Amino acid sequence: MLHYEQWGRGDPVIALHPLALESAAFAGVAEALAEHGFRTLAVDLPGFGKTPNPGDEPLTPTRMAEPVLELARSLERPPLLIGMSMGGRVALEAALIEPELLRGMVLVAPYLPWRRWRVGMECMRRVDPRWAERLRVEAIWPVIKRVAEAIESRPDLEHDWLARAAVRFAYYSSCPATRVAFLSAVREMALDPPFGPDGLWTRMRQLDLPITFLWAGRDALIPRRHHEDVAAVLPGAPQIEVGCAGHFVSGAHFRCMRHGIALAVLRTVEIESGHADSKHAHEPGLVTLAPCLVGVPDPEEPPVASPVPAATAQTVQEGSA
């Protein structure tokens, strides 16, 4: 089964969260997209949040993409995929498996296999995700709980939904199955081959649907040079950078990242609908900087055709579409 939270009305968008987070990470983004007429379905990927990891299978990108494709099949029209970090890697796998199910993709600081330092990555083959079951988290639980409460109370993180979702992982970490899923996903991403028949960088050349990349300028996790490698493989894909934001915790700059994601979504839809330049009309390596909005007054909210409802939770069984 696949659990997801739903916001707004209109064209469907499926949102895939980063490693260790879950659907709540997209609450702020979903509210912004609802103002532009999109319905966001933010999922809990297998092993995270309220979606269990059935069996003992490794959490490979393919394994996590399967229920996402089932959800896409069940919708009234092809959705747009938004994937952030690990979710971006899962989104790419979904598009490589069944691109006809998707309208396009927005990849936010996606995890992509490292092209260098592969020797260090190969060490992860010796890691057994079941080791996470032996961690005595209960011994340090009071410390984890105090740290989580301190982060939640910080006023500068009030609207940073990524940071708030990260706090929720502190509570999920008390579950051995969640810890195993975390380590399994880390292991499979580290071992993800970059080149060859199964390599992502090689297979990405097959993609022929609208894709917009969004990067965070202060990202300490995703290599900055990835945008150059992406331009070489997908020269027509627009790339946007939010220079003031980080990978997870952006504080007041979360507003800038939220604006950047909305901009990337609208750009992708324009390309898909033929209202923008050709997918191949962009210079390789071109990155358009989204403006920093900290200190800029909120503009007058655009009119919304109907009120934006609160999030609703759904759980779907695989194969039920």
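Trainee: Why does Ser85 count as buried?

Mentor: Buried means under 20% relative accessible area. Ser85 has 9% relative accessibility, so it counts as buried. Keep in mind that this is a predicted model.

Trainee: Where does Ser85 lie, and what is notable about its phi?

Mentor: Ser85 lies in the loop between strand 4 (80-84) and helix 3 (86-97). Its phi is near 55 degrees, a positive value in a residue other than glycine.

Trainee: Which way does Ala109 fall, buried or exposed?

Mentor: Ala109 has a relative accessible area of 5%, and the cut-off for buried is under 20%, so Ala109 is buried. Ala109 sits in the loop between strand 5 (104-108) and helix 4 (118-122). Phi of Ala109 is near 40 degrees, a positive value in a residue other than glycine.

Trainee: What makes Val147 partly exposed?

Mentor: Exposed starts over 50% and buried ends under 20%, with partly exposed in between. Val147 has a relative accessible area of 46%, so partly exposed is the right label. You'll find Val147 in helix 5 (residues 137-152).

Trainee: Which residues form the nonpolar patch on the surface?

Mentor: Ile140, Val143, Val147 and Ile151 form it, and together they have about 310 Å² of accessible area. A patch member needs over 30% relative accessible area, and Val147 has 46%.

Trainee: How do you know that strand 1 is largely enclosed by the rest of the structure?

Mentor: Just look at its residues, 2-7: six of the six are buried, so strand 1 is largely enclosed. Leu2, Tyr4 and Gln6 point one way from the strand, while His3, Glu5 and Trp7 point the other way. That fits a general pattern: in a regular strand the side chains alternate between the two faces of the sheet.

Trainee: What makes strand 1 and strand 3 a pair?

Mentor: Pairing takes at least two bridges. Five bridges join strand 1 to strand 3 (residues 38-44), and the two run antiparallel. Across that pairing, His3 stands opposite Asp44.

Trainee: Why does Trp201 count as buried?

Mentor: Its relative accessibility is 2%, and buried means under 20%, so Trp201 counts as buried. Trp201 is in helix 8 (residues 200-203). Leaving out residues up to four places away in sequence, Trp201 touches several others, including Leu112, Pro113, Phe195, His226 and Val233.

Trainee: What about Thr178: why is that one called buried?

Mentor: Thr178 is at 6% relative accessibility, so with the limit at under 20% it counts as buried. Thr178 belongs to helix 7 (residues 176-190). Neighbours within four places in sequence aside, Thr178 is in contact with Gly47, Phe169 and Tyr172.

Trainee: Zooming out, how many helices and strands does the protein chain have?

Mentor: Ten helices and nine strands.

Trainee: And why is the chain called as compact as a globular protein of that length?

Mentor: The radius of gyration is 19 Å, close to the 20 Å that the globule rule gives for 321 residues, so the chain is as compact as a globular protein of that length. Along its principal axes, the C-alpha trace spans about 55 × 45 × 40 Å.

Trainee: What share of the residues is buried?

Mentor: Buried residues make up 52% of the 321. As for the outside, the accessible surface comes to about 14,700 Å², and 57% of that belongs to carbon and sulfur atoms.

How values were computed. Residues numbered from 1 in each chain as written. Predicted model: local features only at pLDDT ≥ 70, side-chain atom pairs only at ≥ 80, totals over all residues. Heavy atoms only, no water. Patch = residues over 30% accessible without salt bridge, like charges linked within 9 Å, V, L, I, M, F, W, Y side chains within 5 Å. Areas by Shrake-Rupley, 256 points an atom, 1.4 Å probe, with all protein chains shown as cover. Salt bridge = Lys/Arg side-chain N within 4 Å of Asp/Glu carboxyl O. Helix = DSSP H or I, 4+ residues; strand = E, 2+ residues; numbered from the N terminus. Buried < 20%, exposed > 50% of the residue type's maximum accessible area, 1.4 Å probe, protein only. Rg over C-alpha atoms; globule rule 2.2 N^0.38 Å. Contact = heavy atoms within 4.5 Å.
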